[in-house]
Amino acid sequence: MPRSKSKAFPVGLYGALLLALCWLLMPTLFAPVERTLLGVAMLPQRWLAWFSAPPVTAAASALQTQCASLRVSLAERSWQHDVAPGKTVMPKSLEPLRCSVLRSQRIGGGGLPSELQLDRTYEELAGCIDLVTKGSELIGFLARPGIGTAAKDRPQDPARVLLLNHSQSRAVAAAVMLRDEAPLHCVVESAAAVDPSPLRTLLHDDPYRAASVRQGGALVRTLQLQASFIAAVPEGLSIGKARVFGYQRADGESLTIGIYVDPVNDTRALSYVVAWQGVPQAQPTELSPRYVTAQLRPLPDGRGGRCSLFAEAVVPDGAAVVMDGRCLGRARGLAFGQGICTSLAASKKPWAVLLLPDDPALPPQELFGEVVRTDGVQAWFRPRSTVITAGGSGFLFTGANGPFCPAGLLLGRTETESGRNLLRIETAAQSGPILASVVVEGR
Amino acid sequence: MRWVLYFLLVPQLYLLAGFLREAGAPLLDVGALLCVFLALFAEPRALPGLLLGAAVGRALVDEGSLPIQLLVLGVPIAALLPLRAIFDRQQLWWQIVVAVMLAIAVPRWSYLCGQWFGEPTGSALDTSVIAATGLVGPVVLFVLRKLPPLRAFRERVA
């Protein structure tokens, strides 16, 4: 009986499942094991590749030749919409410095990321005030190495921005611009992770009026304080839109519990932000990551969109695979210089992307979402919380998807399906082995 | 030796199934098939290692990480193991029922694991894959059970 019991309830199997749970809790500890196991499993594919056709560089298509000019256009329009509006609000003595976002991290108010990691070090941004903006929106405050959440950071580390929904971020004096009424003055600070929005208002100058606010959507802007220091938050920076949270009473009146604030930009989608330097120190040129050549071969997974990747260097997780400036996908790094590249169309993971509309008057839009459907030729991308404002067609670029997948790599041509808040992306089918580049060293 | 063969060949089954799909054959859910073998025919003592090999193979064709694949395949196996004492594993109808159940359960369970652990994985239910796994799967498994490396891991019945 005990023997048959052990057969029906094998301890070893349960141990393996328990190990899997520990593995999920401590992924960095087990990452080398995973890379090695999958790397070994990929070796037969590498050996088979020796007997197949050599990889070729794909002939440049019309879209690929446009790629360089499209990136320039993206940078120009991004500057025009991300930087220029801030100049009208910020003190004249400050110079804007556009910084790329490497990643957003650490869950804060509203269950959204509360920190950004920038492509510049604390040292490079030493001459900057701590305000970080995007367009005319206040994004957050630069962390200082050795202080607060950055206590263990060194000056050579990538700088961090504490978004307004970070628990250690500064509270900001603001005004809710109510319709047909005088602005409601208050303080905006981080909400709790379980709250419906990342930010909340408190200490209203007129609590009775605050309790009777019924409609959300009012703009929330910063208020100027009587402060003479240069890093004081200037008046007029946008924080977001008010969201009224409460109950409907039986008598038809509303009972307001709280006024929250939804930031204008989805913090998961932010690709570029602007720091303001009082003492110009940092170089305005953006540094690019280091690429190495890699062989890509379609992986027969039965669905398409995945390739095995063989490079001369260690492939990091999340590395962008690029051919002629066009992003073919993101790689999962394996041992022995191998990887598996998954295209945007085949990926189930969320991506941060940048939409550049064809209409030059429209600003580039940052989106965070995932592909919800694909038919092999086209893929449909749905943003999680943002509404696509740019109608018509345009080009889609990568957003900030980690230090090894920089923003601004072309993903493809796209068409907006506004009624359904979807982007239809034309995907490039890959049939044979090709030579591409993979990011091995981020900025 | 049997373990070397297992870890070299079994993960390639997933890619072989994809290759055959591209050649026009119906796509089999190799993960579900291996679960059938592990739940009904494999040596209980070897299950952790066999599960790891099956999970490594699934991680090659799916975006989910290896521990997710261990859970996706391991939990249905753990649920089915006690049924060995009730049903005769040689019965074809039972193998078909288990194969169909797993072809449905593995993607669904994969979806749930992906949601819980924040790692989206391939979880689309495809009726043609379920049908192929249910009808052709037991036949394929019968052949695979006679061949190395799976032959070496069959439970010996006294």
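User: How does the radius of gyration of chain A relate to that of a compact globule with 443 residues?

Analyst: The idea is to set the value for the chain beside the one expected for a compact globule with as many residues. This is a predicted model, and in it chain A has a radius of gyration of 25 Å. A compact globule of 443 residues would come out near 22 Å, so the two agree. You can put dimensions on that too: the C-alpha trace of chain A spans about 75 × 70 × 50 Å along its principal axes.

User: Which helices and strands should I look for in chain A, and how many are there?

Analyst: Chain A has 6 helices and 24 strands. To see how such elements come together, look at contacts and burial. Among the contacts in chain A with a separation of 6 or more, 63% join residues that are 24 or more positions apart. Buried residues make up 51% of the chain's 443 residues.

User: Now the two chains together. How many residues of each are in contact?

Analyst: An interface can be read in steps: who touches whom, how much area is buried, and what kinds of atoms and residues take part. Here 40 residues of chain B are in contact with 34 residues of chain A. The area buried between them is about 3200 Å², and carbon and sulfur atoms give 72% of it.

User: Which helices of chain B supply residues to the side that touches chain A?

Analyst: Three helices of chain B each supply at least two residues to that side: α1 (2–22), α3 (47–61) and α4 (66–80). Sorted by class, the side of chain B that touches chain A holds 27 nonpolar, 7 polar and 6 charged residues.

User: How many salt bridges and how many polar contacts cross between the chains?

Analyst: The rule finds 0 salt bridges across the interface of chain B and chain A. Polar contacts are another matter: 10 residue pairs make them between the chains, both partners being at pLDDT 80 or more.

User: Then how should I read salt bridges, and how many are there over all chains?

Analyst: The general idea is that side chains of opposite charge can pair when their charged atoms come close. Over all chains the count comes to 21 salt bridges. A good one to start with joins A:Arg243 and A:Asp262, at 3.1 Å from N to O. A:Arg243 belongs to strand β10 (residues 238–248) and A:Asp262 to strand β11 (residues 254–262), so this pair ties together parts of chain A that are 19 residues apart in sequence.

User: Are A:Arg243 and A:Asp262 buried or exposed?

Analyst: The relative accessible area puts both in between. A:Arg243 is partly exposed at 34%, and A:Asp262 is partly exposed at 24%.

User: Where in chain A do the partners A:Glu441 and A:Arg290 lie?

Analyst: Their closest N and O atoms are 3.5 Å apart, in a salt bridge. A:Glu441 sits in strand β24 (residues 434–441) and A:Arg290 in strand β13 (residues 290–298), so to speak distant parts of the chain, 151 residues apart. A:Glu441 is partly exposed, with a relative accessible area of 44%, and A:Arg290 is partly exposed at 42%.

User: What about chain B: which residue pairs with B:Glu43?

Analyst: B:Glu43 forms a salt bridge with B:Arg2, and 3.0 Å separates the closest N and O atoms. B:Glu43 is in the loop between α2 (30–40) and α3, while B:Arg2 is in helix α1, 41 residues apart. B:Glu43 counts as buried because its relative accessibility, 18%, is under the 20% cut-off. B:Arg2, at 30%, is partly exposed.

User: Which residues are linked in a network of salt bridges?

Analyst: In chain A, look for A:Arg106, A:Glu115, A:Asp153 and A:Arg160, which are linked in such a network.

User: Finally, how do I read the surroundings of one residue? What does A:Gln117 touch?

Analyst: Place the residue in its element, check its accessibility, then list its neighbours. A:Gln117 is in strand β2 (residues 113–121) of chain A, and counts as buried at 14% relative accessibility. Leaving out residues up to four places away in sequence, A:Gln117 touches A:Ser100, A:Val101, A:Leu102, A:Arg103, A:Pro158 and A:Ala159.

User: Is A:Gln378 buried or partly exposed?

Analyst: A:Gln378 is partly exposed, with a relative accessible area of 23%. It lies in strand β20 (residues 378–383) of chain A. With the same sequence neighbours left out, A:Gln378 touches A:Arg373, A:Arg424, A:Ile425 and A:Thr427.

Notes: Residues numbered from 1 in each chain as written. Chains lettered and ligands numbered in written order. Heavy atoms only, no water. Contact = heavy atoms within 4.5 Å. Buried area = accessible area lost by both parts, 1.4 Å probe. Salt bridge = Lys/Arg side-chain N within 4 Å of Asp/Glu carboxyl O. Polar contact = N/O pair within 3.5 Å; in protein donor to acceptor, adjacent residues only side chain to side chain. Helix = DSSP H or I, 4+ residues; strand = E, 2+ residues; numbered from the N terminus. Nonpolar A, V, L, I, M, F, W, Y, C, P; charged D, E, K, R; others polar. Rg over C-alpha atoms; globule rule 2.2 N^0.38 Å. Buried < 20%, exposed > 50% of the residue type's maximum accessible area, 1.4 Å probe, protein only.
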